Amino acid sequence: MVSTPEPLTAASPQAPPGAELRDQPSALDVIRSRRSISRLGPPAPSPADLATMLEAAACAPDHGSLRPWRFVILDGEAKDRFGPVLADATVRWERDGGREPDPRKVDKDRTKMDRAPLVVVVACEEQPNPKVPRHEQVAAAVAAAQNLCLAATALGYGSMWRTGPNAENPHVKVSLGLRPDDKIVAFVYLGTVSDEQAKPANAPSLDGLVRRWFPPER
Ligand SMILES: Cc1cc2nc3c(=O)[nH]c(=O)nc-3n(C[C@H](O)[C@H](O)[C@H](O)COP(=O)(O)O)c2cc1C
């Protein structure tokens with residue numbers, strides 16, 4: 001009897017070095033296939049995968065090694081309870097500014113968290129530093145948010161980066177345990193992509209966006 005050989009996997013004793021990497025998408029494949037998916041379903045990233053994503057986020061370039069990024073995880077019942085907190089924060093912020101809140105916006109806030117089973121809020125908590133200005137620390141947090149989205153893609157999850165007025169609202173920041181002058185750079189929605197929601201890989205055009213510099217003629 002001829003037995004079918006077992007496929008080589010990283011766990012197999014015969015696997016050559018590096019075999020575990022061969023079936024994985026390259027970094028460029030991941031970058032091209034990351035797409036924003038507005039409705040994500042269960043399952044949410046597992047705790048181990050979420051930890052991997054957050055570690056990837058924390059690998060972002062960081063002038064002065066200040067680690068200005070902060071991550072607030074919203075999942076399970078806490079996430080469900082955050083929608084009404086957003087709605088309440090919108091009402092309060094509008095009234096702070098002497099405006100009457102738009103009931104449609106307030107209703108939208110109440111249900112925003114239904115778009116995905118898990119949301120990571122990425123914020124910049126500026127660290128006092130004479131050499132690294134605020135905008136560079138915000139840039140580091142933005143890079144962390146992008147790493148988070150790419151790591152989610154690499155692990156087979158969908159993501160969508162959102163901001164909007166809630167990211168500026170001091171009541172939202174305080175309710176998340178942030179300081180009013182911290183900068184929320186992203187609400188990253190995370191979950192599983194259904195076949196109906198799947199999108200093709202990005203195929204960006206660089207037309208008119210790139211030029212080569214030449215030194216001026218003397
Ligand atoms: C800083 C930032 C904030 C964003 N905020 C929103 C948002 O609030 N709502 C939204 O629909 N898209 C938002 N987007 C855009 C989407 O995340 C997404 O990138 C865009 O729709 C293009 O789709 P793609 O990522 O699949 O190429 C934001 C992107 C960035 C970088």
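Visitor: What makes the angle between helix α4 and strand β1 a defined quantity?

Guide: Helix α4, residues 76–96, lies across β1 and β2 and runs at about 95° to β1, where axes are lines fitted to C-alpha atoms, for helices over the stretch in contact, and angles run from 0 to 180 degrees between N-to-C directions. Contact here requires C-beta atoms, placed from the backbone, within 7 Å, and the elements are DSSP runs numbered from the N terminus (helices: H or I, at least four residues; strands: E, at least two).

This is a predicted model, in which local features need pLDDT of at least 70 and side-chain atom pairs count only at pLDDT 80 or more, while totals for chains, interfaces and linings use all residues. Residues are numbered from 1 along each chain as its sequence is written.

Visitor: How do you know that β1 and β2 pair?

Guide: Pairing asks for at least two bridges found by DSSP between two strands, and seven bridges join β1 to β2 (residues 118–124), which run antiparallel, so the criterion is met. Within this pair, Leu-74 stands opposite Val-119 in β2.

Visitor: Why are β1 and β3 called edge strands?

Guide: The open sheet has four strands in the order β1-β2-β4-β3, with antiparallel pairing. Both β1 (69–75) and β3 (158–162) pair on one side only. On average, neighbouring strands of this sheet are turned by 20° against each other, direction ignored.

Visitor: Is Ser-65 called buried or exposed, and what makes it so?

Guide: A residue is buried with 20 or more other C-beta atoms within 10 Å of its own, exposed with 12 or fewer, and partly exposed in between, the C-beta atoms being placed from the backbone. Ser-65 has 8 such neighbours and is therefore exposed. This residue lies in the loop between α3 and β1, and its phi is positive, about 50°, although it is not a glycine.

Visitor: Which exposure class does Arg-67 fall in, and why?

Guide: Arg-67 has 15 C-beta neighbours inside 10 Å and so counts as partly exposed. It is found in the loop between α3 and β1, with a positive phi near 45°. Such values deserve mention because most residues other than glycine have a negative phi.

Visitor: What makes the peptide bond between Pro-42 and Pro-43 a cis bond?

Guide: Omega is about 0° for the bond joining Pro-42 and Pro-43, which is cis. Pro-43 lies in the loop between α2 (27–33) and α3 (47–57).

Methods:
Two residues are in contact if their C-beta atoms, placed from the backbone, lie within 7 Å.
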